[in-house]
Amino acid sequence: MSYTVPSSAGPQPARPATVTLAVSLLYVVAALQLVGLVVVLVNLGAYRDGYRQAYANDPDLKDAAATIGTVFVIAVAAVLLLLAAGFVTLGILDGQGRNVARIVTWVVAGIGLCCSGLAVVGGAGRGVMRGFGGRRSSTGPDPAEVSRIVNDALPSWYGPVVLAINLIVLLSLIGVVILLATPASHAYFRRPVPTFDPPG
C-alpha cells in the first residue's frame with residue numbers, strides 16, 4: 001500500500017526575486033565576516049606588539065597585557081566565524097521559505113544594524129579593542145594612551161578596511177530587512193504548506 005501527498009494545495013509558488021536578493025545579501029554579509037576574521041588574525045602580531053609597547057614601563061603587566069590582547073583578538077575572530085556560519089544558515093532557510101527563519105533574520109539583522117551603525121558612526125574602524133581596561137588603574141597607563149599606541153601599531157590600511165566592511169554590512173542588512181518585508185516575500189513565506197492525509 002502506497003501513500004501519496006494530495007495535490008489539492010496546488011503548485012508551490014516560485015521563489016520571488018526579492019527573497020533571492022535577500023539571500024544573496026545574507027551570503028555577502030557572511031563573506032564579509034570571514035574577511036573581517038582574516039583582517040583581525042593577520043594583525044594579531046600588531047595588536048600583541050602594541051599592547052606590549054603600551055605597557056613597556058610596567059614589567060609586571062607587559063606580558064599579561066599582550067596575552068590578554070591576543071586572547072581577545074582570537075575571541076573576536078571566533079565570533080566572526082560564528083556570525084558567518086549563522087548568516088549562511090539564515091540564507092539557506094530563508095531561501096526555503098521558512099517563516100521562522102525570516103523572523104530570526106529580522107532580529108539578527110536589527111542587532112547587526114545597531115552594531116554596524118555604531119561602528120560606522122563612531123569611527124570604530126581603527127581597532128577592535130579600545131584600551132586594556134576601561135578605567136585607569138593606579139599603576140597602569142591611561143587607557144586612551146594604550147588605545148593610541150595599539151592603533152599606531154596597526155597598518156594604515158586596517159582602519160579603512162574595517163570601516164568599509166562595517167559600512168557594506170550595514171547597507172546589506174538594511175536591504176535584507178526591506179526585501180524580506182515586501183509583499184512578494186510575504187506571500188512566499190505565507191504560502192500553503194502541503195499536508196499529508198492518510199487514506200481512509
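**An aromatic cluster in an all-helical chain**

Tyr47, Trp157 and Tyr158 form one aromatic cluster. The model is predicted. The structure holds 3 aromatic pairs. One of them joins Tyr47 and Tyr158, with ring centres 6.1 Å apart and planes at 80°, an edge-to-face arrangement. Tyr47 belongs to helix H2 and Tyr158 to helix H6 (residues 158–180), so this pair ties together parts 111 residues apart in sequence. A second contact in the cluster links Trp157 and Tyr158. Their ring centres are 6.4 Å apart and their planes stand at 55°, so this pair is tilted. That angle falls between the limits of 30 and 60 degrees that bound the tilted class.

The members of the cluster were also examined for accessibility. Tyr47 is buried, at 0% relative accessible area. Tyr158 is likewise buried, with a relative accessibility of 0%. Trp157, at 38%, counts as partly exposed. The cluster of Tyr47, Trp157 and Tyr158 thus joins two buried tyrosines to a partly exposed tryptophan.

The setting of the cluster is helical. The protein chain has 7 helices and 0 strands. Along the sequence the pattern reads α-α-α-α-α-α-α. Of the 200 residues in the chain, 38% are buried.

Helix H2, which carries Tyr47, spans residues 44–54. Its buried residues are Leu44, Ala46, Tyr47, Gly50, Tyr51 and Ala54. These residues lie on the same side of H2, because they cover an arc of only 165° around its axis. Tyr47, the H2 member of the edge-to-face pair, is therefore part of this buried side.

Helix H2 packs against helix H3. The two axes come within 8 Å and cross at roughly 150°. H2 is therefore roughly antiparallel to H3, since the angle is over the limit of 145 degrees. The crossing of H2 and H3 is right-handed. A residue of H3 can be placed relative to the cluster. Phe72 is found in helix H3. At 41% relative accessibility, Phe72 is partly exposed. The C-alpha atoms of Phe72 and Tyr47 are 9.9 Å apart, with the two positions 25 residues apart in sequence numbering.

Helix H3 (residues 59–95) also packs against helix H1 (residues 17–42). Here the axes are 8 Å apart and the angle is about 165°. This makes H1 roughly antiparallel to H3. The crossing of H1 and H3 is left-handed, whereas that of H2 and H3 is right-handed. The residues in the contact of H1 with H3 comprise 20 nonpolar, 4 polar and 1 charged.

A further packing involves helix H6, the helix of Tyr158. The axes of H4 and H6 come within 9 Å and cross at roughly 150°. H4 is thus roughly antiparallel to H6. The crossing of H4 and H6 is left-handed. Within H6 lies Val162. Val162 is buried, with a relative accessible area of 16%, under the 20% cut-off. Val162 and Gly36 are 126 residues apart in sequence, yet their C-alpha atoms are 6.9 Å apart in space.

Helix H4 spans residues 99–121 and contains Val104. Val104 is partly exposed, at 36% relative accessibility. Its C-alpha atom is separated from that of Leu90 by 8.0 Å, and the two residues are 14 apart along the chain. The two valines therefore fall into different classes: Val162 is buried at 16% and Val104 is partly exposed at 36%.

Notes. Residues numbered from 1 in each chain as written. Predicted model: local features only at pLDDT ≥ 70, side-chain atom pairs only at ≥ 80, totals over all residues. Heavy atoms only, no water. Buried < 20%, exposed > 50% of the residue type's maximum accessible area, 1.4 Å probe, protein only. Helix = DSSP H or I, 4+ residues; strand = E, 2+ residues; numbered from the N terminus. Arc of directions from axis to C-beta. Phe/Tyr/Trp six-rings, centres within 6.5 Å; stacked < 30°, edge-to-face > 60°. Axes fitted to C-alpha atoms, helices over the stretch in contact; angles between N-to-C directions. Parallel < 35°, antiparallel > 145°, perpendicular 65-115°, else oblique. Left-handed = near helix turned anticlockwise from the far one by under 90°. Nonpolar A, V, L, I, M, F, W, Y, C, P; charged D, E, K, R; others polar.
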